[in-house]
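Reader: I would like to learn how to read pockets and a buried side chain in a model. Where should we begin?

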Amino acid sequence: MIGEWIGTSKVYENGIVTKEGSAYQKISYDLDKSILVIELNTEFLQLHTIIYYDEKDGKYYYYPFSKRGVSKYPAEYNNGQLIVWSSDKKRFIFSRTSDGGFREYGERLVNGTWTKYFEDTFKNSQ
């Protein structure tokens, strides 16, 4: 996922797209590849995120920074996907797409069913 990416950001409510706009993302390593840095800019959201693997506890951590502050969420890498757990009922999933791009989407657990509430899809800008 390292590189510069362009794409589309969509917001869903009850399974219907309610907002759609352009998205740009730059992903790079830093600190001798000990962290992954994601700079996301969409029409709805700007985030500067750091993903870090803590060798002591054997877990990934996802730190999204926004104008409102910073959070820390545990994450796991499973079957080619990075799954970030912002709570027991909310998660973000990063995965590659068949065309060489990638996507990130968020889901909420509603009445026992995972329901998508946003999706960003990207292709390499080069």
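Author: The turns below take the pockets and then one serine, in what is a predicted model.

Reader: What volume does the largest pocket have, and which residues lie nearest its centre?

Author: A pocket can be read by its volume, then by its lining. Here the largest pocket has a volume of about 830 Å³. Its lining counts 30 residues, and Leu45, Lys90, Phe92, Tyr117 and Phe118 lie nearest the centre. Two or more lining residues come from each of β1, β3, β5, β6, β9, β10 and β11.

Reader: Which element gives the most to that lining?

Author: That is β11, with 5 residues. By class, the lining of the largest pocket holds 15 nonpolar, 8 polar and 7 charged residues.

Reader: How many residues line the second largest pocket, and of which classes?

Author: The second largest pocket, with a volume of about 420 Å³, is lined by 18 residues, and Met1, Tyr29, Leu36, Tyr60 and Tyr77 are the closest to its centre. The classes are 12 nonpolar, 4 polar and 2 charged. Strands β3, β4, β8 and β9 each supply at least two residues of this lining.

Reader: Now serine 9: why does it count as buried?

Author: Burial is read from relative accessibility, and buried means under 20%. Serine 9 has 5% relative accessibility, so it counts as buried. Serine 9 sits in strand β1.

Reader: Which side chain does the side chain of serine 9 join in a polar contact?

Author: The partner is aspartate 120, at 2.6 Å. Leaving out residues up to four places away in sequence, serine 9 touches several others, including Lys19, Glu20, Thr42 and Phe44.

Key
Residues are numbered from 1 along each chain as its sequence is written. This is a predicted model: local features need pLDDT of at least 70, side-chain atom pairs count only at pLDDT 80 or more; totals for chains, interfaces and linings use all residues. Side-chain values use heavy atoms; hydrogens and water are left out. On a 1 Å grid over the protein atoms alone, a cavity is a set of points where a 1.4 Å probe fits but cannot get out, and a pocket is an open set with protein on both sides within 12 Å along at least five of seven lines; lining residues have an atom within 4 Å of a point. Grid points are joined across faces, edges and corners, and a volume is the space filled by probe spheres set on the points. Helices (H or I, at least four residues) and strands (E, at least two) are DSSP runs, numbered from the N terminus. Ala, Val, Leu, Ile, Met, Phe, Trp, Tyr, Cys and Pro count as nonpolar, Asp, Glu, Lys and Arg as charged, and the others, Gly among them, as polar. Buried means under 20% relative accessible area, exposed over 50%, partly exposed in between (1.4 Å probe, protein chains only). A polar contact is a pair of N or O atoms within 3.5 Å; within protein, one must be able to donate a hydrogen and the other to accept it, and residues adjacent in sequence count only if both atoms are side-chain atoms. Contact means heavy atoms within 4.5 Å.
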